[in-house]
Amino acid sequence: MNGRDRKWEMVYSWVRAYIEENKFSGNTRIPSENALSRRLSVSRETVRAALDCLTQEGLLRKVKGSGTYINKEQALSWEPGGSGGRIKIGLILQGQDGDANSSLMDGIRSILPPDQVDLRTFLTDNKFANERRCLQSVVNQGFQGFIVDGVKASLLNPNLDCYQKIYQKHIPVIFYNNYYKNLKYPRVVVNDLQCARELIGPLIQAGHRHIAGIFLYDNYQSIEKFQGMVEALRQNGVEYQDDYIKWCISNEAHDDRFTRSIDRFLKGLPRCTAIVCCNYMIYRLVRQVLDKQGRRVPGDCSLVCFDYSGQDWEAEGITCSIHQGREIGREVASRLMKMIRNRDCEDKNYSYVLAPKIYVGRSIEPVHPAERRKPCPH
């Protein structure tokens with residue numbers, strides 16, 4: 001499946017999930033092609049192709065001069081065929097990073113044969129209410145397993161009762177990236193502590209002492225990345241500075257207006273010589289801000305990024321950890337199938353930690369000796 005096909009499928013799944021969440025409302029108009037294009041980081045042509053398919057299936061109806069609406073009657077009765085004896089698996093995505101989701105689904109589909117597995121995709125948009133509606137709607141629909149990216153996993157989740165019901169039905173669940181510590185389910189994650197050491201270490205070796213970081217406080221992955229950064233600073237005798245860390249929520253990372261906040265943050269750190277971005281979306285916003293400020297990378301500011309989910313890291317020249325969506329997809333799919341075969345719904349050595357994949361680019365430059373600060377004593 002090529003990149004265009006994967007993005008088309010991602011848009012189709014996102015709008016299909018939107019229909020599921022809003023089909024009980026009357027006269028619901030879906031977001032415009034332009035809005036979906038910006039939201040999902042794809043072209044209008046890709047959006048239009050997905051909407052045309054959903055319109056042909058009768059789930060959407062276009063009203064000239066008004067927009068595209070959910071066909072409520074058809075949406076309430078629509079079910080994409082029976083499973084035909086196939087294993088029915090639910091994939092619950094956050095849906096906020098189109099490139100990451102596409103590679104993840106590619107990896108999952110490489111393991112799950114379509115003639116044996118009926119894979120249904122649901123998107124939460126990283127919102128508890130959407131996650132709850134999704135879990136409540138599918139718990140009694142004969143699913144044999146779920147693959148889940150947790151919602152705001154560092155916060156207290158109000159939907160643990162739904163997962164407990166799934167557990168009581170002995171339905172296997174495996175998490176990836178973000179997981180809930182309160183649950184006994186396995187997970188597939190990247191070693192973010194090691195990743196932080198491998199990204200922040202080169203900055204320190206290049207003489208950087210005033211290193212800014214932008215992290216998400218509602219994302220468990222991001223919390224571990226932050227902890228890894230603090231550990232890397234401490235192990236290298238560099239003082240941790242609270243003012244050099246900016247915390248934000250996940251939704252802000254997908255909003256171009258957040259650049260104003262990043263701009264103020266960086267202008268308040270005149271001694272800052274390097275920035276750590278906790279994911280690809282934050283990285284893109286930071287680059288916008290640095291370009292607007294007229295600051296060159298790495299000449300005026302060195303830069304590293306966790307989980308670079310774009311495909312252009314070499315051309316971009318960014319030192320980063322490469323997002324391993326396909327590898328994660330293959331691991332969660334193969335491990336969930338083992339759980340289903342073994343009728344296990346607890347973590348019996350099904351969890352897996354991937355080593356980070358680091359690309360050393362051209363985004364780190366040594367600090368001029370006059371700008372260096374001596375390491376703080378241990």
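Rings of Phe, Tyr and Trp (its six-membered ring) count as a pair here if their centres lie within 6.5 Å. Keep that cut-off in mind for the close-ups below, all taken from a predicted model.

**View 1. Five rings gather in one aromatic cluster.** Here we're looking at Y163, Y167, F175, Y180 and Y185, which together make up a single cluster. Across the whole structure, the search turns up 14 aromatic pairs.

**View 2. F215 and W247 make a tilted pair.** The ring centres sit 5.9 Å apart, with 40 degrees between the planes. This pair links distant parts of the chain: F215 belongs to strand 8 (residues 211-216) and W247 to strand 9 (residues 245-248), and the two are 32 residues apart. Are these two rings buried or exposed? F215 counts as buried, because its relative accessibility is 0%. W247, on the other hand, is partly exposed, with a relative accessible area of 34%.

**View 3. Y283 and Y308 meet edge-to-face.** Centre to centre, the two rings are 5.6 Å apart, and their planes are at 65 degrees to each other. Y283 comes from helix 11 (residues 280-293) and Y308 from strand 11 (residues 302-308), so this pair ties together parts that lie 25 residues apart in sequence. Both Y283 and Y308 are buried.

**View 4. A lysine charge sits over a phenylalanine ring.** The ring belongs to F128, and the charged end of K152 sits over it. If you want a number to check, that charged end is 5.6 Å from the ring centre.

**View 5. An arginine charge sits over a tyrosine ring.** This time the charged end is that of R187, and the ring is that of Y179. The distance from charge to ring centre is 4.0 Å.

**View 6. Two cysteines, C195 and C277, without a disulfide.** How many disulfides does a search of the whole structure find? Zero. For C195, the nearest cysteine sulfur is that of C320, 9.0 Å away. For C277, the nearest cysteine sulfur belongs to C305, at 5.6 Å. A disulfide would need the two sulfur atoms within 2.5 Å, so neither cysteine qualifies. As for their surroundings, C195 counts as buried because its relative accessibility is 1%. C277 is buried too, with a relative accessible area of 0%.

Methods. Residues numbered from 1 in each chain as written. Predicted model: local features only at pLDDT ≥ 70, side-chain atom pairs only at ≥ 80, totals over all residues. Heavy atoms only, no water. Buried < 20%, exposed > 50% of the residue type's maximum accessible area, 1.4 Å probe, protein only. Phe/Tyr/Trp six-rings, centres within 6.5 Å; stacked < 30°, edge-to-face > 60°. Helix = DSSP H or I, 4+ residues; strand = E, 2+ residues; numbered from the N terminus. Lys NZ or Arg CZ within 6 Å of the ring centre and 35° of its normal.
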